[in-house]
Amino acid sequence: MYRIAVDCMGGDHAPEAIINGAIASLDSTPDTKLFLFGPAATLENLLSQKTYDKSRVEVIDAPEVISLHEAPVLAIRRKKDSSIVKALHFIKDKQADAFISAGSSGAVLAGGQLIVGRIPGIPRPPFGALIPTAKGVSLLLDSGANVDAKPEWLLQYAKMGSIYMKEVVGLENPSVGLVNVGAEEEKGNALVKETMPLMKELKDINFIGSCEARDIAGGACDVIVCDAFVGNCILKMYEGVGHMLLSQIKSAIKSSPVSLIGGALIKGSLKETMKKFDAKQYGGAPILGLNGLVVKVHGNTDGREVTHAIRQCADFIRADAVRKIAASIAAETTPEA
């Protein structure tokens with residue numbers, strides 16, 4: 001059984017939405033056991049209203065909550081009984097294999113590094129977000145952890161992203177692109193210009209060169225590498241355009257009786273098409289480069305993303321991705337590397 005620790009107190013609709021998503025995952029991910037962290041009385045009251053396999057769910061009392069407005073590092077150090085801190089200690093102590101939270105990104109990132117710890121040789125673990133494309137799904141990293149980056153960090157992002165897409169998503173030879181403002185190598189800021197020749201020399205990735213933002217949605221590459229400032233802007237723009245298009249399509253269908261009839265005829269196929277572009281169905285954003293799996297889901301999740309994140313965690317653990325990432329980074333320091 002894969003053991004998943006879930007922070008039930010993070011997010012806009014916690015704890016109800018988180019518990020709904022966690023319990024919903026039990027049927028679709030039968031090889032998991034869940035540890036739910038939060039005030040025990042509150043969680044047990046919500047669970048008493050549901051029917052589920054009680055042998056696969058355990059409540060861990062965590063009476064404190066870290067809010068979005070608290071300084072992340074200070075909160076991690078002071079609130080030892082918070083759901084985030086207690087759950088992360090489960091990962092550190094090998095009592096759980098993965099951790100999921102919709103809470104403060106800063107607290108999850110800081111706690112992941114301070115409590116779970118970084119893989120030796122990785123100074124700045126990135127957030128990796130799976131985003132939908134015309135060809136399936138791509139991994140965008142860094143999508144929010146390190147707004148200022150160094151070339152050597154981006155090289156590690158490329159290697160870790162390649163391992164993730166091969167081992168977890170199942171792509172045999174994932175392509176890697178470096179986000180740039182043009183296809184020409186002489187373009188870009190100082191970070192991109194310095195990183196480009198170094199990335200071309202990497203032997204263990206399928207580097208295809210520059211990737212312009214307009215080509216991402218078309219599936220130009222499987223691993224999209226950039227610093228977190230650029231990555232988070234891409235991610236937020238992606239989400240905003242998706243919501244806008246969905247809203248515009250709905251408005252167009254409702255604009256006239258004829259459109260309503262046409263909408264009814266294509267409702268099924270349209271729903272399936274739009275589902276492919278719902279980023280939440282792919283789970284959360286894992287922090288790659290830690291000694292355990294830590295996954296951040298959107299704060300506004302209604303629970304569905306938690307369900308998919310639990311499945312994502314099971315796939316990650318099954319693939320032994322943490323060990324493979326550690327081995328890849330360790331190879332950089334060997335005499336032969």
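**Strands, crossovers and a sheet**

Student: Why is strand 2 (residues 32–38) called largely enclosed?

Tutor: Six of its seven residues are buried, so the rest of the structure largely encloses strand 2. Buried means under 20% relative accessible area, with exposed over 50% and partly exposed in between (1.4 Å probe, protein chains only). Strands (E, at least two residues) and helices (H or I, at least four) are DSSP runs, numbered from the N terminus. By the way, this is a predicted model, where local features need pLDDT of at least 70, side-chain atom pairs count only at pLDDT 80 or more, and totals for chains, interfaces and linings use all residues. Residues are numbered from 1 along each chain as its sequence is written, and side-chain values use heavy atoms, leaving out hydrogens and water.

Student: How do you know that strand 1 (residues 2–7) pairs with strand 2?

Tutor: Pairing takes at least two DSSP bridges between two strands. Here six bridges join them, and they run parallel, so they count as paired. One of the partnerships links alanine 5 with phenylalanine 35 in strand 2.

Student: What makes the crossover from strand 1 to strand 2 right-handed?

Tutor: The chain goes through helix 1 (residues 16–28) in this β-α-β crossover. With the strands pointing away from you, a path running clockwise from the first strand over the helix to the second is called right-handed, and this crossover is right-handed.

Student: What makes strand 5 and strand 8 edge strands in the open sheet?

Tutor: Five strands form that sheet in the order 5-6-9-7-8, with mixed pairing. Strand 5 (128–133) and strand 8 (206–211) each have a single partner strand, so one side of each lacks a neighbour in the sheet.
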